[in-house]
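Trainee: I'm new to this one, and I'd like a close look at a single part: the aromatic rings and how they pair up. Could you walk me through that, and then show me what else is worth a glance?

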Amino acid sequence: MRPLPLLVLLLLAIVASCTDLVALDGHPCPCARGYTCHVGSQSCVRDYNGPQPDAGTLADASAPGIWTLPAEVATDASGARLFSAPDGNVFLTWTLVGLGGLAQRWTPEDGWSSAGSTPVAFTDVGTGRGGNAIGVGGAGDPTGHVQASLYSPATGWSAVQQVDTETSPAYVPSVRCGMDGAGNALVVFRVVCSSCTTSEIESRLYTPGAGWGPITPVSGTGGSVFLVAMAMADNGMAVVAYGQTDEVADAANLWASRYTPSEGWSPPQRFPGRGDGG
C-alpha cells in the first residue's frame, strides 16, 4: 500500500464524526435531541446549551453511556461532596479558600444552578423532594454549636439556626442530618460540654410549619460516644450508628438506634464485637 492512502485513512480515524463512528464501530450515535456525542469517550452526553430533549428522553438519561460533559465548577476548592434526592435533584457542596462554604443544585430539567455561598460550611446535607434540603455544620461557629440552614428553591438557604441548646459546648461537634419526602428534617449530633465527663448522641426534628421540636437523647450516657453514620428514608424513618466506649472493658462498641415518626427512637442495640464469640 502506498503511503498517501494510509495517511488519509489515519486522518479520517482521528477526525471521525459521531455518524462515522456508527458506520465504523456500530456505536449508537447520532444522539437523541438534547444530547451530543462525545467522540473522545464515544458516548451520548447531555448538552444543556442545545435544544431541550424530546418528551420522555430524560427518563432514559440513566441508561449506560448517557453522561453530561465535564465542566469545571471551581478552582482552589476542597471538601467537595454530592448529595442526591429521591426525585433526582443533586446538591454539590464544597469550601473555597477565603469564601467559606458554597453549593450548587442540579435538576434533571435545568442542569446546574449558579454556585452560591452557604451560611455555614456544611459537613452534611439532607435532601428531600421538590428541591428542599437541610445543611448542617459547625466549623464556622467559634463557640462550637451545631448549625443548620434550610433550603427551598423559592427562597434559597435560610439564615443559620442553632440546633443544640448547650450553653458551654467544648468544641465543634460531629453532626449528621436527613430529610424525608414531606420536608421533615432530622439532625443527629454528638454533645460534649466543657463541664461534662461523658458525651452522648442527641437529635432534634424540624417540621415544616411547626419549626424545631425538643432535644431527644439517642444514646446512653455511659462512656464517650462518637457518631458514625445516619440515614433517613423518604417515609420519615431513620437509623443512626455510633460508637460508645465501654468504661469497664476500655473498648469501643458499635451501637445503632432506629427512628420512626410514630414512636421516636428505639432503645440502642449493640452489635457484636471482638471477644463476644460466635
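Mentor: Let's start with the rule: rings of Phe, Tyr and Trp (its six-membered ring) pair if their centres lie within 6.5 Å, and planes under 30 degrees apart count as stacked, over 60 as edge-to-face and the rest as tilted. Going by that rule, you get six aromatic pairs. Bear in mind that this is a predicted model.

Take F91 and Y151, one of those pairs: their centres sit 5.2 Å apart and their planes make an angle of 80 degrees, so the pair is edge-to-face, since that is over 60. This pair brings together distant parts of the chain, with F91 in strand β4 (residues 90-96) and Y151 in strand β10 (residues 147-152), 60 residues apart. Are these two rings buried or exposed? F91 has a relative accessibility of 2%, so it counts as buried. Y151 comes in at 15%, and so Y151 counts as buried too.

Now follow Y151 to its other partner here, W157. The ring centres of Y151 and W157 are 4.8 Å apart with the planes at 55 degrees, so this pair is tilted. Like Y151, W157 is buried. Step back a little and you'll see F91, F122, Y151 and W157 linked by ring pairs into a cluster.

That's the part you asked about, so here's the rest of the tour. How many salt bridges turn up in a search of the whole structure? Just one, and it joins the side chains of D234 and R129, at 2.9 Å from N to O. D234 is in the loop between β18 (225-232) and β19 (238-246), while R129 is in the loop between β8 (122-127) and β9 (133-137), so the pair ties together parts that are 105 residues apart in sequence. Unlike the buried rings F91 and Y151, these two count as partly exposed: D234 has 34% relative accessibility, and R129 has 37%.

Last stop, the surface. There, F226, V228, L254 and F271 make up a nonpolar patch, and together they have about 330 Å² of accessible area. Look for F271 in the segment after β22 (269-270). With a relative accessibility of 36%, F271 counts as partly exposed.

Definitions and conventions: Residues numbered from 1 in each chain as written. Predicted model: local features only at pLDDT ≥ 70, side-chain atom pairs only at ≥ 80, totals over all residues. Heavy atoms only, no water. Helix = DSSP H or I, 4+ residues; strand = E, 2+ residues; numbered from the N terminus. Buried < 20%, exposed > 50% of the residue type's maximum accessible area, 1.4 Å probe, protein only. Salt bridge = Lys/Arg side-chain N within 4 Å of Asp/Glu carboxyl O. Patch = residues over 30% accessible without salt bridge, like charges linked within 9 Å, V, L, I, M, F, W, Y side chains within 5 Å. Areas by Shrake-Rupley, 256 points an atom, 1.4 Å probe, with all protein chains shown as cover.
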